[in-house]
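User: Could you take a close look at one part of this model for me, the surface where protein meets DNA? I would love a connected walk through it.

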Number of protein chains: 2
Amino acid sequence: MNSILARINENLHTLSEAEKKMGIYVLENPKLIPNMTTKDLSRKAGTSESSVVRFCKSIGIESFKTFKLELAKELAKEDFNLTDFNFLQKKSEPYDIFQQVSFVNKSAIEAITTSLERKEFEKAVDKILHADKLVFYGVGGSATAALDGFYKFTKLGYPSTAHQDFHFLLSSIPYLNKNDVVIAISMSGKTKDVLELSRFAQKEGATVIAITNLDKSPLYKEADIRLCTPVVEQDYRIGSIPSRMTQLTIIDALYLSVLNKKGENVLSRYHEARNEVIRLRR
Amino acid sequence: MNSILARINENLHTLSEAEKKMGIYVLENPKLIPNMTTKDLSRKAGTSESSVVRFCKSIGIESFKTFKLELAKELAKEDFNLTDFNFLQKKSEPYDIFQQVSFVNKSAIEAITTSLERKEFEKAVDKILHADKLVFYGVGGSATAALDGFYKFTKLGYPSTAHQDFHFLLSSIPYLNKNDVVIAISMSGKTKDVLELSRFAQKEGATVIAITNLDKSPLYKEADIRLCTPVVEQDYRIGSIPSRMTQLTIIDALYLSVLNKKGENVLSRYHEARNEVIRLRR
DNA sequence: ATAAACTATGAAATTTTATTTCACTATAGT
DNA sequence: ACTATAGTGAAATAAAATTTCATAGTTTAT
């Protein structure tokens with residue numbers, strides 16, 4: 001089965017009135033969509049252009065253009081359906097599991113293009129570029145990404161933190177100012193600690209960049225800049241595995257973009273540290 | 001072969017100067033086209049927006065929009081080709097960098113199949129399944145993977161550690177026994193701390209599973225079980241980024257395999273913890 | 001050699017399409 | 001009954017695609 005259409009079908013009941021009309025029309029005429037405009041589609045589905053755009057966001061795709069593109073691609077494939085997640089039902093052999101998890105991780109990374117908005121990403125890079133201090137915060141499955149960000153941006157010379165301890169971290173927030181950035185990482189966008197921390201930081205004037213699922217969660221709504229990860233199949237066995245890959249890829253992209261923009265200035269220090277690492281290795 | 005690209009290739013010599021530039025750019029970067037605008041493409045190809053539109057007509061496609069759509073569909077069908085990593089050379093825009101890093105990460109994961117040996121992987125799963133305690137150790141770029149492993153296997157009820165502090169960690173090694181496992185993570189396989197630790201652990205009777213590049217490094221030679229990551233392009237800008245993805249994917253696969261083998265027994269406790277997490281979220 | 005005719009090109013204008021904002025409505029919670 | 005909130009489409013705005021047009025460079029005819 002087809003993942004975008006399947007996703008629409010599954011979530012049909014969670015959608016609002018106008019969005020449901022959209023969903024039904026799309027499910028009935030998937031092949032027509034890629035050649036339609038928002039106006040066409042809104043007329044056919046009996047809604048408005050704004051609802052078309054909102055519908056795309058609701059099913060986890062950042063824009064109507066991307067929606068059309070992805071749908072076209074999927075319909076083109078039509079057969080290649082390895083997207084079947086109940087592989088863990090039966091007793092699989094370890095090596096099968098390895099191959100499946102590779103596939104899932106790969107697909108998750110592929111899907112980021114559908115959820116990450118270009119403009120938001122550019123805003124994030126720009127903000128970080130001019131930031132004084134960075135705070136990375138994520139708990140549970142998102143702690144890995146926070147640590148990774150902390151590690152990478154420290155290498156670029158940013159005073160950064162990524163403490164796990166919420167109360168410890170809280171005490172550092174009042175020292176943040178307008179040029180400081182909190183990177184709040186939470187798959188669900190509902191994690192209480194992450195939310196509290198980002199609210200507090202905003203109150204103190206810092207900017208909050210959220211790395212979170214494209215979904216109308218509190219964190220999504222409240223963040224200043226949103227870097228969205230795709231909503232992937234939620235199977236409890238896989239848990240946060242593919243999400244963590246997408247979070248990390250976004251961190252990677254931020255890091256490389258900032259490194260690229262900083263240019264030669266930072267590179268010489270970077271190399272200096274690197275050479276020391278190699279020297280100390282022996 | 002691919003009909004649109006083939007058509008461009010065949011007719012390249014019949015095209016005018018500006019159109020030829022277009023054709024060459026499209027042939028070199030077909031995957032990027034569907035997400036580009038006329039402006040993007042005209043800049044990259046060194047022509048004007050009008051030439052982009054004219055180019056589409058010249059190769060027999062009525063509009064740029066249709067061109068993008070058709071190209072996307074075709075590429076979706078036969079997705080398997082290029083594996084070239086040297087695109088981070090020039091000054092790129094943030095969003096380009098994002099796309100490139102996604103691609104690199106994806107490719108790296110794909111490549112694990114070529115480096116990870118099935119038998120070694122099965123041995124590793126089996127060993128961990130019967131282990132009493134686990135120690136994850138990795139420094140620098142590999143610290144993320146160590147932390148992630150620590151986090152995951154703790155969820156499965158294993159007494160695990162993943163400390164950063166070498167000397168602190170050393171003091172716990174003499175308490176390891178035959179059933180304990182050290183997962184030593186190092187890209188190069190030459191990192192001094194990781195090597196020392198794994199030698200010490202082996203002397204005390206523990207088993208060392210190495211997650212390291214497929215290469216005749218000291219760690220590769222000395223480990224009891226080798227889970228090899230593919231050797232990917234070593235560009236200092238990308239650094240350890242793709243390697244870290246492969247390390248994490250291996251950890252994921254180990255985790256899921258162990259979870260799967262443990263079966264129902266562990267699942268009930270797992271769910272218990274999970275429900276608490278969800279409850280505490282609100 | 002020179003003018004006329006033609007061609008290719010990019011800048012700018014126009015049209016179309018997508019996205020955002022905003023005011024209004026319905027509905028739920030107090 | 002009164003807020004607060006979510007959902008909606010009309011209208012405004014932004015972005016993207018397409019067309020027009022002036023110009024520069026070629027070719028052709030005389």
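Analyst: Happily! A polar contact here is a pair of N or O atoms within 3.5 Å. With that cut-off in mind, B:Ser50 is a good place to begin: a polar atom of the B:Ser50 side chain lies 2.8 Å from a base nitrogen of DNA strand C. Please keep in mind that this is a predicted model, and that the distances below are computed from it.

B:Ser50 has company on the bases. A polar atom in the side chain of B:Arg54 is placed 3.1 Å from a base nitrogen of DNA strand C. Chain A reaches the backbone of DNA strand C instead: a backbone N or O atom of A:Thr38 sits 2.5 Å from a phosphate oxygen.

Stepping back, 19 residues surround DNA strand C. The closest are A:Thr38, A:Lys68, B:Ser16, B:Ala18 and B:Ser50, so both A:Thr38 and B:Ser50 from the contacts above belong to that group. On the DNA side, 59% of the strand C atoms within 4 Å of the protein belong to sugar or phosphate, and the rest to bases.

Which elements build this surface? At least two residues each come from α4 (49-58) and α5 (64-77) of chain A, and from α2 (17-28) and α4 (49-58) of chain B. The biggest contributor is α4(A), with 4 residues. By class, the surface near DNA strand C holds 3 nonpolar, 9 polar and 7 charged residues.

Now for DNA strand D, which has 20 residues around it. A:Ser16, A:Ala18, A:Ser51, B:Thr38 and B:Lys68 are the closest. Of the atoms of DNA strand D that come within 4 Å of the protein, 61% are sugar and phosphate.

The polar contacts to DNA strand D again involve both chains. From chain A, an N or O atom in the side chain of A:Ser50 is 2.8 Å from a base nitrogen of DNA strand D. From chain B, a polar backbone atom of B:Thr38 comes to 2.6 Å from a phosphate oxygen, and a polar backbone atom of B:Phe64 is 3.1 Å from a phosphate oxygen of DNA strand D. The elements giving two or more residues to this surface are α2 (17-28) and α4 of chain A, together with α4 and α5 (64-77) of chain B. Here α4(B) supplies the largest share, 4 residues. The residues near DNA strand D divide into 3 nonpolar, 9 polar and 8 charged.

Key: Residues numbered from 1 in each chain as written. Chains lettered and ligands numbered in written order. Predicted model: local features only at pLDDT ≥ 70, side-chain atom pairs only at ≥ 80, totals over all residues. Heavy atoms only, no water. Near = heavy atom within 4 Å. Polar contact = N/O pair within 3.5 Å; in protein donor to acceptor, adjacent residues only side chain to side chain. Nonpolar A, V, L, I, M, F, W, Y, C, P; charged D, E, K, R; others polar.
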